[in-house]
Amino acid sequence: MNTAEQAPELVDIGVNLAHRSFHTDRDQVVRRAFAAGVRTMVVTGTSVAASEEAIRIAREYPGQMFATAGVHPHDSRNCTQATIPELRRLAASKEVVAIGECGLDFNRDFSPRREQEKWFEAQVVLAEELQMPLFMHEREARERFCRILGAARKSVPAVIHCFTGSDEDLRAYLDLGLHIGITGWICDERRGTHLRELVKRVPLDRLMLETDAPYLLPRTMPHRSRDGRNEPAFLPYVLQTVADCLGKAPAEIALATTQTARQFFRLQ
Ligand SMILES: [Zn+2]
């Protein structure tokens with residue numbers, strides 16, 4: 001990759017830096033991201049405890065690292081009456097820039113669907129109350145997802161993070177006015193094929209980039225580490241593939257997606 005001066009400035013809108021795989025060398029991971037031009041990162045919160053940890057990490061890099069506060073659909077079965085008040089308290093931290101990761105996952109079904117729906121809706125309502133953006137996850141649940149979101153969301157911006165869906169999914173999300181987050185899934189020569197066509201239909205003012213590290217190591221990397229751990233420093237590989245799909249220079253896509261992310265999360 002380029003040197004920091006040449007590398008275009010990027011925002012990684014979804015990085016799971018609280019994940020245990022980063023426990024021993026997190027600061028080096030963050031330094032490598034900065035050196036690769038990833039100057040701003042949003043650390044994903046996936047439960048009350050993980051959101052607290054995400055905020056604690058973000059606090060170590062003021063103005064460069066931010067956090068979300070929310071409960072992932074996989075974790076929704078652990079929600080209680082205390083969950084929404086706790087998220088409300090966490091969201092008051094200046095590091096928190098969105099409510100989430102929240103949503104529905106009917107692919108893995110780690111939590112009962114009723115619970116997923118109940119707590120997704122509650123988090124959409126919380127985002128509206130606090131007037132904060134939503135950071136959302138959806139797998140094989142588009143119809144229920146759109147119904148809940150369509151009814152509970154009034155005005156806050158909302159992003160489908162790690163979009164991997166179909167043509168119909170994308171149309172439904174764009175019609176709802178949602179932003180779209182693209183990960184290294186698009187770099188996968190097998191399962192990312194459809195995404196390389198679909199990404200052309202996302203307006204640049206609704207397109208954002210993310211690694212979802214430590215998951216989804218871009219398969220376009222020439223030398224992939226044996227442990228398969230992804231890092232925010234590898235976001236330029238996602239940028240390159242997206243730029244190739246759109247037939248534009250990476251610098252142009254970097255500028256556009258960074259501006260979109262700054263507006264979406266109201267960063268500076
Ligand atoms: Zn997710």
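Helices and strands are here DSSP runs, of at least four residues (H or I) for a helix and at least two (E) for a strand, and they are numbered from the N terminus. With that in mind, Asp-212 can be placed in the loop between strand 8 and helix 8. The structure is a predicted model, and the points below go through its zinc site, one of its helices, its salt bridges, its cysteines and its less common backbone geometry.

**The zinc site**
- Three residues coordinate the zinc ion, namely Glu-101 through OE, His-137 through ND1 and His-161 through NE2, at 1.9 to 2.2 Å.
- Along the sequence these donor residues follow the spacing E-x35-H-x23-H, and the pair of Glu-101 in strand 4 and His-137 in strand 5 (residues 134-139) links distant parts of the chain, 36 residues apart.
- Glu-101 counts as buried because its relative accessibility is 4%, and His-137 likewise counts as buried, at 8%.
- The backbone at this donor also deserves a look, since a cis peptide bond with an omega of about 5° joins Gly-100 and Glu-101.

**Helix 3 and its surroundings**
- Helix 3 spans residues 83-91, and its buried residues are Thr-83, Ile-84, Leu-87, Leu-90 and Ala-91.
- Because these residues cover an arc of only 120° around the axis, they lie on the same side of helix 3.
- The elements that the buried residues of helix 3 pack against are helix 2 (48-59), strand 3 (65-69), strand 4 (96-105) and helix 4 (113-130).
- Helix 3 also has a salt bridge to helix 2, in which Arg-89 pairs with Glu-52 and the closest N and O atoms are 3.1 Å apart; this pair, with Arg-89 in helix 3 and Glu-52 in helix 2, links distant parts of the chain, 37 residues apart.
- Arg-89 has a relative accessibility of 48% and therefore counts as partly exposed, and Glu-52, at 35%, counts as partly exposed too.

**Other salt bridges**
- Over the whole structure, a search finds 24 salt bridges.
- One of them brings together the side chains of Arg-113 and Asp-109, at 2.9 Å from N to O; Arg-113 counts as partly exposed at 40% relative accessibility, as does Asp-109 at 33%.
- In another, the side chains of Arg-144 and Glu-117 meet, again at 2.9 Å from N to O.
- Arg-144 belongs to helix 5 (residues 142-152) and Glu-117 to helix 4, so this salt bridge ties together parts that are 27 residues apart in sequence.
- The two partners fall into separate accessibility classes, for Arg-144 counts as partly exposed at 31% relative accessibility, whereas Glu-117 counts as buried at 18%.
- Elsewhere, Asp-188, Glu-189, Arg-190, Arg-191 and Arg-219 are joined into one network by salt bridges that share partners.

**Cysteines**
- A disulfide is a covalent bond between the sulfur atoms of two cysteines, and the count of disulfides in this model comes to zero.
- Cys-162 is in no disulfide, and the nearest cysteine sulfur to it, that of Cys-187, is 11 Å away.
- For Cys-187 the closest cysteine sulfur is in Cys-245, and because the two sulfurs are 8.6 Å apart, they are too far from each other for a bond, given that a disulfide requires cysteine sulfur atoms within 2.5 Å.
- Cys-162 counts as buried, with a relative accessibility of 2%, and Cys-187 counts as buried at 3%.

**Backbone geometry**
- Most residues other than glycine have a negative phi, and most peptide bonds are trans.
- Besides the cis bond before Glu-101, a cis peptide bond with an omega of about 10° joins Ala-213 and Pro-214, and Pro-214 is placed in the loop between strand 8 (207-209) and helix 8 (235-246).
- Asp-212, in the loop between strand 8 and helix 8, has a positive phi of about 60° although it is not a glycine, and at 10% relative accessibility Asp-212 counts as buried.
- Gln-131, found in the loop between helix 4 and strand 5, is another residue other than glycine with a positive phi, here near 55°, and at 37% relative accessibility Gln-131 counts as partly exposed.

Methods
Residues are numbered from 1 along each chain as its sequence is written. This is a predicted model: local features need pLDDT of at least 70, side-chain atom pairs count only at pLDDT 80 or more; totals for chains, interfaces and linings use all residues. Side-chain values use heavy atoms; hydrogens and water are left out. Buried means under 20% relative accessible area, exposed over 50%, partly exposed in between (1.4 Å probe, protein chains only). The arc is that of the directions from the helix axis to the C-beta atoms. Contact means heavy atoms within 4.5 Å. Donors are N, O and S atoms within 2.8 Å of the metal (3.2 Å for Na, K and Ca); water is not among the atoms, so sites may look incomplete. A salt bridge is a side-chain nitrogen of Lys or Arg within 4 Å of a carboxyl oxygen of Asp or Glu.
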